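Hello,

Here is the structure I promised to pass on to you. Have a look at it first, and then read on for what I found in it.

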Amino acid sequence: MGSFVEGSIEETVMLDLKYPSVSERYFTKYYFIPKERKRIENCNILINDEDQDSSAENSNNETDSNVIIEEKGLHRHQSGSLKLGEEQVSSSPDSSGHTCVMVHTNKLCLITLSHHHPVLAEKKEITEVSYSVGKFNRLENQVSGKGKRGAQLMGLQSSVCIITCSDGTRYNILAGVQGKLVEVNERLLTQPQLVSSHPNAEGYLAVILPPLRNGDFMRSKLLTEDQYEQLNVQHLKDKVN
């Protein structure tokens, strides 16, 4: 008979315990940086946002005038409260934070906060998540059928929700992706801290279905994880210098 090795299996067998999470197995993370913010970080002259977003929306036959109206209204608001080389100074919610777009294998997109967003990076206490954004109330979104008929249409810089923190700061969270609003996370109305504790799971903000035939275009507007981290590393180096 072979020799018997004493001890638990964990002590006698080399186990690879670094299993990928569900989100890692089924979702690919991309990141959206509002163009005004990207201009500040890179110190570059910004190409007109309205022209870029409008042309993108016009390339999508499923998009109607509601998105264009909403997008242009947001651009006017932001351009009126931000100057080149300056941080946004306004009583309105801060729209400069970065959005994480988690793309599922079936193309559905979970919208959440980037780990570099001030709410997460500074470990702020969230007191409220509101889906009432200007003229739009995301809670009134009504969807039916496989085609998601009746869904509110979202543009890259459409507001998803407003996050309020205990220190009085407020953040306007942008969609970062075009498509139909499938659902919002109503659980956050009573448990807003889920955004901080489980941003890639129970703390997601919304689900958006992009035009399936336009997937490549959608990703061209976003940064991959590697690109995003490289940008942030460069930004930190620039601040030090």
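Let me begin with a small puzzle: which residue in β8 is the bridge partner of S130? Before the answer, please keep in mind that this is a predicted model.

The residue in question is I162. Strand β8 covers residues 159-165 and is joined to β4 by four bridges, with the two strands running antiparallel. Both belong to an open sheet of three strands, in the order β4-β8-β9, where the pairing is antiparallel. The edges are formed by β4 (126-130) and β9 (170-174), each of which pairs on one side only. On average, neighbouring strands in this sheet are turned by 20 degrees against each other, direction ignored.

Now for the other sheet I wanted to show you. Seven strands make up an open sheet with antiparallel pairing, and their order is β7-β10-β11-β3-β2-β1-β12. At its edges you will find β7 (153-154) and β12 (223-224), and each of these pairs on one side only.

Strand β11 (residues 206-209) is a good place to look at this sheet in detail. On one side, β10 (residues 179-184) pairs with β11 in the antiparallel sense over four bridges. Within that pairing, E183 stands opposite V207, while K180 faces L209. The strand β3 (residues 109-113) also runs antiparallel to β11, and three bridges join the two. Here L110 is the residue opposite V207, so V207 has a partner in this strand as well as E183 across from it.

Which way do the side chains of β11 point, and are they buried or exposed? A206 and I208 point one way, V207 and L209 point the other way, and all of them are buried. That fits the general pattern: in a regular strand, side chains alternate between the two faces of the sheet.

How many aromatic pairs are there? The count comes to one. It is formed by Y31 and Y228, which are stacked, with 4.1 Å from centre to centre and 5 degrees between the planes. Y31 lies in strand β1 (residues 27-32) and Y228 in helix α9 (residues 225-240), so this pair ties together parts that are 197 residues apart in sequence. Both tyrosines pass the test for being buried, which is under 20% relative accessible area: Y31 counts as buried because its relative accessibility is 3%, and Y228 because its value is 0%.

Some figures for the whole chain may help you as you look around. The secondary structure comes to nine helices and 12 strands. The protein chain has 241 residues, and 44% of them count as buried. Its accessible surface is about 13,700 Å², with 51% of that belonging to carbon and sulfur atoms. Looking at contacts between residues at least 6 apart in sequence, 69% join residues at least 24 apart.

Finally, a word on confidence. The chain averages a pLDDT of 75, and 62% of the residues score at least 70. Over residues 37-90, however, the pLDDT is below 50, although this stretch has 89 contacts in the model beyond near neighbours in sequence. Please bear that in mind when you look at residues 37-90.

Happy browsing, and all the best!

Notes. Residues numbered from 1 in each chain as written. Predicted model: local features only at pLDDT ≥ 70, side-chain atom pairs only at ≥ 80, totals over all residues. Heavy atoms only, no water. Buried < 20%, exposed > 50% of the residue type's maximum accessible area, 1.4 Å probe, protein only. Pairing = 2+ DSSP bridges. Axes fitted to C-alpha atoms, helices over the stretch in contact; angles between N-to-C directions. pLDDT = per-residue confidence, 0-100. Contact = heavy atoms within 4.5 Å. Areas by Shrake-Rupley, 256 points an atom, 1.4 Å probe, with all protein chains shown as cover. Phe/Tyr/Trp six-rings, centres within 6.5 Å; stacked < 30°, edge-to-face > 60°.
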